[in-house]
Amino acid sequence: MKAYVVVQERVHDEKMFGEYRKDVMATINAHGGKFVVRGGNLTVVEGEWPMPRFVVIEFASRQAAEGWYKSPEYQKILPLRLKSAEGNLVIVDGAE
């Protein structure tokens with residue numbers, strides 16, 4: 001079953017986040033992931049959405065998604081995202 005990494009975030013240091021952005025794609029590709037949504041224009045039609053940036057990354061399985069997040073390559077660049085942005089990241093199973 002596919003799994004998705006879903007992120008909502010607010011970037012407060014574009015330069016540092018740019019350093020993260022230039023290396024993150026290789027880590028995602030190495031685990032078979034692909035961006036479904038990467039930033040983009042966001043319109044809130046119901047409720048509240050506290051973060052202006054929204055990302056969805058698709059993986060073939062939860063194991064692949066968790067493997068990506070826990071990989072040494074991603075852990076190496078993760079501090080750049082954590083220092084340059086605030087937000088939430090979850091891994092969720094897809095529908096069958």
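This report walks through the sheet, the helices, the core and the salt bridges of the structure above.

The model is predicted, so to speak of local features a pLDDT of at least 70 is needed, side-chain atom pairs count only at pLDDT 80 or more, and totals for chains, interfaces and linings use all residues. Residues are numbered from 1 along each chain as its sequence is written, and side-chain values use heavy atoms, with hydrogens and water left out.

## The sheet

Let us start with the strands. An open sheet is formed by 4 strands in the order S2-S3-S1-S4, with antiparallel pairing. Strands here are DSSP runs of E with at least two residues, helices are DSSP runs of H or I with at least four, and both are numbered from the N terminus. Two strands pair if DSSP finds at least two bridges between them. Strand S2 (34-38) and S4 are the edge strands, each pairing on one side only. On average, neighbouring strands of the sheet are turned by 20 degrees against each other, direction ignored.

S1 and S3 run antiparallel and are joined by 7 bridges. Across this pairing, Glu 9 stands opposite Arg 53 in S3.

## Helices on the sheet

H2 packs on the sheet and touches S1, S3 and S4, its direction making about 155 degrees with that of S4. H3 lies across S1 and S4 and runs at about 125 degrees to S4. For these angles, axes are lines fitted to C-alpha atoms, for helices over the stretch in contact, and the angles run from 0 to 180 degrees between N-to-C directions.

In H2, the buried residues are Ala 64, Ala 65 and Trp 68. They fall within an arc of 100 degrees when seen down the axis of H2, so they line one face of the helix. That arc is taken from the directions from the helix axis to the C-beta atoms. Buried means under 20% relative accessible area, exposed means over 50%, and partly exposed lies in between (1.4 Å probe, protein chains only). The face of H2 turned away from its buried side carries exposed Gln 63 and Lys 70. The cover over the buried residues of H2 includes S1, H1, S3, H3 and strand S4 (85-93).

## The nonpolar core

A nonpolar core is a set of buried Ala, Val, Leu, Ile, Met, Phe, Trp, Tyr and Cys residues joined through side-chain atoms within 4.5 Å. The largest one has 18 residues, and those with the most contacts inside it are Val 5, Val 24, Ile 57, Phe 59, Trp 68 and Tyr 74. Two or more residues come from each of strand S1 (3-11), helix H1 (14-29), strand S3 (53-59), helix H2 (62-70) and helix H3 (72-84). In soluble globular proteins, nonpolar side chains tend to be buried together.

Contact means heavy atoms within 4.5 Å. Leaving aside neighbours within four places in sequence, Ile 57 is in contact with Ala 3, Tyr 4, Val 5, Ile 28, Lys 34, Phe 35, Val 36 and Trp 68.

Two other residues show how H1 and H3 meet. Thr 27 is in helix H1 and counts as buried at 7% relative accessibility. Not counting residues up to four places away in sequence, Thr 27 touches Trp 68, Glu 73, Tyr 74 and Ile 77. Ile 77, in helix H3, is buried with a relative accessible area of 7%. With the same sequence neighbours left out, Ile 77 touches Tyr 20, Asp 23, Val 24 and Thr 27.

## Salt bridges

A salt bridge is a side-chain nitrogen of Lys or Arg within 4 Å of a carboxyl oxygen of Asp or Glu. The whole structure holds 8 of them, including these three.

| Pair | N to O distance |
|---|---|
| Arg 53 and Glu 9 | 3.0 Å |
| Arg 10 and Glu 86 | 3.7 Å |
| Arg 62 and Asp 93 | 2.9 Å |

Arg 53 lies in strand S3 and Glu 9 in strand S1, so this pair ties together parts that are 44 residues apart in sequence. Arg 53 counts as buried at 16% relative accessibility, and Glu 9 does too, at 3%.

In the second pair, Arg 10 is partly exposed, with a relative accessible area of 34%, and Glu 86 is partly exposed at 41%. Arg 62 counts as partly exposed at 31% relative accessibility, and Asp 93 is partly exposed at 41%. Lys 2, Lys 34 and Glu 58 are joined into one network by salt bridges that share partners.
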